[in-house]
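Me: I have a structure here that is new to me. Could you walk me through it?

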Amino acid sequence: MNLTLHVWRQARPSDKGRFVTYQAQDISPDMSFLEMLDVVNERLIGSGETPIAFDHDCREGICGTCGMVIDGSPHGPRPLTTTCQLHMRSFSDGDSITIEPWRAAAFPVLRDLVVDRRAFDRIIQAGGFVSVSTGSAPDGNAILVPKPNADRAMDAAACIGCGACVAACPNASAMLFTAAKVSHLGLLPQGQPERRARVRGMAAQMDAEGFGTCTNHFECEAACPKGISVANIARMNREFLSASLFDESSEESRAD
């Protein structure tokens, strides 16, 4: 396959970026999208040019590190597929492909296709920790969890934190990501002691990072490579409302 790539190039955060056109030649349809970029970078290095910077790690759709907008779609044209799992057979010989980074104020571009996603880390940190000691693995597995709750918790835990939901949302909202993390522990017995403080802290940090609000476009669910449901957003809203109505000072006084 021979392809024309229009790639966003930006040397540093303070620079003005622009699209640069490259030719990707003799590309195997069995290559992943990142392997195709590897081939392009090898040729750029060979000609003395600066390679295209992009995030990657496991290349197995697990870590959530890879992420770019391909022809206007986060992670590319195939549903439930990360960029590293997207194969070039999803394109045709002679195609022109536009590649750009996540576009969100809370995800500033560091270089080329690499953005700063540490805002997600800070949201998770704002959730605090789980104080319940579950002992060893067999002890943890002995805690009874209703099957529907276990299934929903596992579905929420599938979130890899890639940021596609933010990139797809017209408001650059991080509600789906935050809701998945809140739901994961909120549905399990181990997550109950810090349940109210967790949702208050994570929601406050999400707002502080500058993410937009949710207006129910549902683009986040459509773009999520793990199929995280927007039902988690409704669950987080209920959790937040309940936590907001709860008198935190009375909880502390009872603890004393």
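Reply: Let us begin with a definition: a disulfide is a pair of cysteine sulfur atoms within 2.5 Å. Please keep in mind throughout that this is a predicted model.

Me: How many disulfides does the structure hold?
Reply: The structure holds zero disulfides.

Me: Why is there no bond at Cys 162?
Reply: The closest cysteine sulfur to that of Cys 162 belongs to Cys 224 and lies 6.4 Å away, which is too far for a bond.

Me: And what about Cys 84?
Reply: For Cys 84, the closest cysteine sulfur is in Cys 66, at 3.8 Å. With the cut-off at 2.5 Å, this is also too far for a bond.

Me: Are these two cysteines buried or exposed?
Reply: Cys 84 is buried, at a relative accessible area of 7%. Cys 162 is buried as well, at 6%.

Me: Changing topic: in what order do the strands of the sheet run?
Reply: The sheet is open and has five strands, in the order β2-β1-β5-β3-β4, with mixed pairing.

Me: Which strands stand at the edges?
Reply: Those are β2, residues 18-24, and β4, residues 73-74. Each has a single partner strand, so one side of each has no neighbour in the sheet.

Me: How do β3 and β5 pair?
Reply: Strand β3, residues 69-70, pairs with strand β5, residues 96-100, in the antiparallel sense over two bridges. Within these strands, Val 69 stands opposite Glu 100.

Me: Now the interior. How many residues are in the largest nonpolar core?
Reply: That core has 36 residues. Phe 107, Phe 120, Val 166, Leu 176 and Phe 211 have the most contacts inside it.

Me: Which elements give two or more residues to this core?
Reply: They are α2 (118-126), α5 (164-168), α6 (175-186), α7 (195-208) and α9 (231-245). Of these, α6 gives the most, with six residues.

Me: What is Val 166 in contact with?
Reply: Neighbours within four places in sequence aside, Val 166 is in contact with Ala 104, Phe 107, Phe 120, Ala 172, Ser 173, Ala 174 and Phe 211. Apart from this core lies another, of 29 residues, among them Ile 27, Phe 54, Cys 84 and Met 88.

Me: Next, Arg 117. Where does this residue lie?
Reply: Arg 117 lies in the loop between β7 (114-115) and α2.

Me: Buried or exposed?
Reply: Arg 117 counts as buried, because its relative accessibility is 13% and the limit for buried is under 20%.

Me: What does its side chain reach?
Reply: The side chain of Arg 117 reaches the backbone oxygen of Thr 65 at 2.2 Å. Leaving aside neighbours within four places in sequence, the contacts of Arg 117 include Asp 55, Gly 64, Cys 66, Trp 102, Phe 107 and Cys 162.

Me: One last topic: which residue in the loop between β2 and α1 has a positive phi, although not a glycine?
Reply: That is Asp 26, with a phi of about 55°. Asp 26 sits in the loop between β2 and α1 (33-46) and is exposed, with a relative accessible area of 61%.

Me: And what is the phi of Arg 59?
Reply: Arg 59 has a positive phi of about 55°, and this residue is not a glycine either. Arg 59 lies in the loop between α1 and β3 and counts as partly exposed, at 26% relative accessibility.

Definitions and conventions: Residues are numbered from 1 along each chain as its sequence is written. This is a predicted model: local features need pLDDT of at least 70, side-chain atom pairs count only at pLDDT 80 or more; totals for chains, interfaces and linings use all residues. Side-chain values use heavy atoms; hydrogens and water are left out. Buried means under 20% relative accessible area, exposed over 50%, partly exposed in between (1.4 Å probe, protein chains only). Two strands pair if DSSP finds at least two bridges between them. Helices (H or I, at least four residues) and strands (E, at least two) are DSSP runs, numbered from the N terminus. A nonpolar core is a set of buried Ala, Val, Leu, Ile, Met, Phe, Trp, Tyr and Cys residues joined through side-chain atoms within 4.5 Å. Contact means heavy atoms within 4.5 Å. A polar contact is a pair of N or O atoms within 3.5 Å; within protein, one must be able to donate a hydrogen and the other to accept it, and residues adjacent in sequence count only if both atoms are side-chain atoms.
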